[in-house]
Every structure is written in C-alpha cells, then in structure tokens.
Amino acid sequence: MKRIDHFSYELGAADCFCEMVRAGVKKLALAHPCDTKAERDAFLPEFEKLCGEYGVKMYVEDDPFLSDLFPISMNKGKFNAIFYQEDSVLEEYLSLKAEKRLAWETGSYTPEKRRDIAWRYGKLLSYTDEGIERLLAGNQEKE
C-alpha cells in the first residue's frame with residue numbers, strides 16, 4: 001500500500017474543508033493544527049491556491065480558540081488556518097473569541113458560559129446539535 005506523506009495528507013484535508021465551505025456545508029472550517037508557526041506557514045501558499053480555486057477566504061490563526069468543544073492539547077500552543085466564505089462568519093468567530101477572553105479575564109467564565117461559548121463555536125463550525133453534544137460529553141481534557 002502506498003504511503004501518503006504528511007504534507008500531502010494535510011493539504012488534501014484542507015482541500016476538502018475548502019470545498020465544504022464553498023458548497024455551504026460548513027460556514028467555518030479549520031485546517032489541522034500545526035505544532036509550529038513555520039510548519040503552518042509552509043502550507044500557506046498551497047492554502048491560498050485552494051482558496052482561489054474554491055472562492056473562499058483564509059484567516060491565519062496564531063492564537064487558537066480554546067473551548068470545551070475540543071481537547072485542550074489539540075489546539076493549545078498550535079497554529080492554524082481557518083477557511084470561510086462570508087466576512088460576517090470571520091467576524092462572528094473573532095467576536096466569540098473576544099467574548100470568551102473577556103469572560104475569562106473578568107471571572108465570569110462559569111460552567112454555563114463555557115458551555116454556551118463551546119456550543120456557539122460548534123454551531124459556527126456547522127456541527128449538528130448531536131455532534132456538539134457528543135464532542136462536549138466526550139472531551140475529558142478541558143482548560
């Protein structure tokens with residue numbers, strides 16, 4: 001069986017995410033997180049080509065959005081690229097991140113607020129209610 005190199009695999013995943021955003025299946029999609037900025041940056045020229053092919057946009061993320069939706073180790077200290085089509089979707093993502101940061105800084109990041117933010121993040125990623133519930137219930141590695 002032929003082995004696929006890491007770069008090609010990650011690029012193929014990003015291609016799929018861009019296609020889903022273009023088709024309206026997802027409002028927002030995340031490339032796979034990279035351990036270093038240099039690793040992520042090596043993908044950017046290819047990601048830009050994909051965005052051009054699919055008519056989507058990319059946001060380069062150096063400050064990952066951490067929520068109870070995913071295990072903390074999946075994104076903490078990682079670097080990513082985010083694909084979207086509508087500017088309002090990116091604005092919603094950045095606003096949700098800012099809301100979480102403010103709640104954290106003011107001590108109002110209660111269990112209810114944590115769940116609400118994670119839930120809205122899941123909806124922004126176009127996950128179903130059942131999918132969000134499954135991710136939240138299965139995450140044993142929270143902030």
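Is Y121 buried or exposed in this model? Y121 counts as buried, because its relative accessibility is just 2%. Keep in mind as you read that this is a predicted model. The protein chain has 143 residues, and buried ones make up 41% of them. Let's start with the whole chain and then zoom in on some pairs of side chains.

**The overall picture**

- You can count six helices and three strands in the protein chain.
- If you walk along the sequence, the pattern you meet is α-β-α-β-α-β-α-α-α.
- Is the chain's size what you'd expect of a compact globule? What to compare is the radius of gyration: with 143 residues, a compact globule would come out near 15 Å, and the protein chain has 15 Å, so the two agree.
- Picture a box laid along the principal axes: the C-alpha atoms of the protein chain fill one of roughly 45 × 30 × 30 Å.
- The protein chain has an accessible surface of about 8,200 Å², and carbon and sulfur atoms account for 55% of that.
- Take the contacts between residues at least 6 apart in sequence: 70% of them join residues at least 24 apart.

**Aromatic rings**

- Searching the whole structure turns up ten aromatic pairs.
- One of them is F70 with Y121, an edge-to-face pair with 6.2 Å from centre to centre and 90° between the planes.
- F70 sits in the loop between β2 (57–61) and α3 (72–75), while Y121 belongs to helix α5 (residues 111–124), so this pair ties together parts of the chain that are 51 residues apart in sequence.
- What about cover for these two rings? F70 counts as buried because its relative accessibility is 11%, and Y121 counts as buried at 2%.
- F70 and Y121 also belong to a cluster linked by ring pairs, together with Y59, F65, Y93 and Y127.
- A ring can have a charge for company too: the charged end of K100 sits over the ring of W104, 5.5 Å from its centre.

**Salt bridges**

- Side chains of opposite charge can pair when their charged atoms come close.
- How many salt bridges does a search of the whole structure find? The search finds 16.
- D35 and K78 make one of these bridges through their side chains, at 2.6 Å from N to O.
- This pair links distant parts of the chain, 43 residues apart: D35 is in the loop between β1 (28–30) and α2 (37–54), and K78 is in the loop between α3 and β3 (80–84).
- D62 and K37 form another salt bridge, and their closest N and O atoms are 3.7 Å apart.
- Here, too, distant parts of the chain are linked: D62 is in the loop between β2 and α3, K37 is in helix α2, and 25 residues separate them.
- D62 counts as partly exposed at 35% relative accessibility, and K37 counts as partly exposed at 41%.
- D62 and K37 don't stand alone, as a network of salt bridges links them with R40 and D41.
- R120 and E99 form a salt bridge as well, with 2.6 Å between the closest N and O atoms.
- R120 lies in helix α5 and E99 in helix α4 (residues 87–106), so the bridge ties together parts that are 21 residues apart in sequence.
- R120 is partly exposed, with a relative accessible area of 30%, and E99 is partly exposed too, with 24%.

**Two residues to look up**

- Find N75 in helix α3.
- N75 is buried, because its relative accessible area is 9% and the cut-off for buried is under 20%.
- Which residues does N75 touch, not counting those up to four places away in sequence? The answer is P33, P64, L66, F70 and N80.
- F70 on that list is the residue that pairs with Y121.
- Now look for G138, which is in helix α6 (residues 129–138).
- G138 is exposed, because its relative accessible area is 52% and exposed means over 50%.
- G138 and E91 are 47 residues apart in sequence, and their C-alpha atoms are 28 Å apart in space.

Methods. Residues numbered from 1 in each chain as written. Predicted model: local features only at pLDDT ≥ 70, side-chain atom pairs only at ≥ 80, totals over all residues. Heavy atoms only, no water. Phe/Tyr/Trp six-rings, centres within 6.5 Å; stacked < 30°, edge-to-face > 60°. Helix = DSSP H or I, 4+ residues; strand = E, 2+ residues; numbered from the N terminus. Buried < 20%, exposed > 50% of the residue type's maximum accessible area, 1.4 Å probe, protein only. Lys NZ or Arg CZ within 6 Å of the ring centre and 35° of its normal. Rg over C-alpha atoms; globule rule 2.2 N^0.38 Å. Contact = heavy atoms within 4.5 Å. Areas by Shrake-Rupley, 256 points an atom, 1.4 Å probe, with all protein chains shown as cover. Salt bridge = Lys/Arg side-chain N within 4 Å of Asp/Glu carboxyl O.
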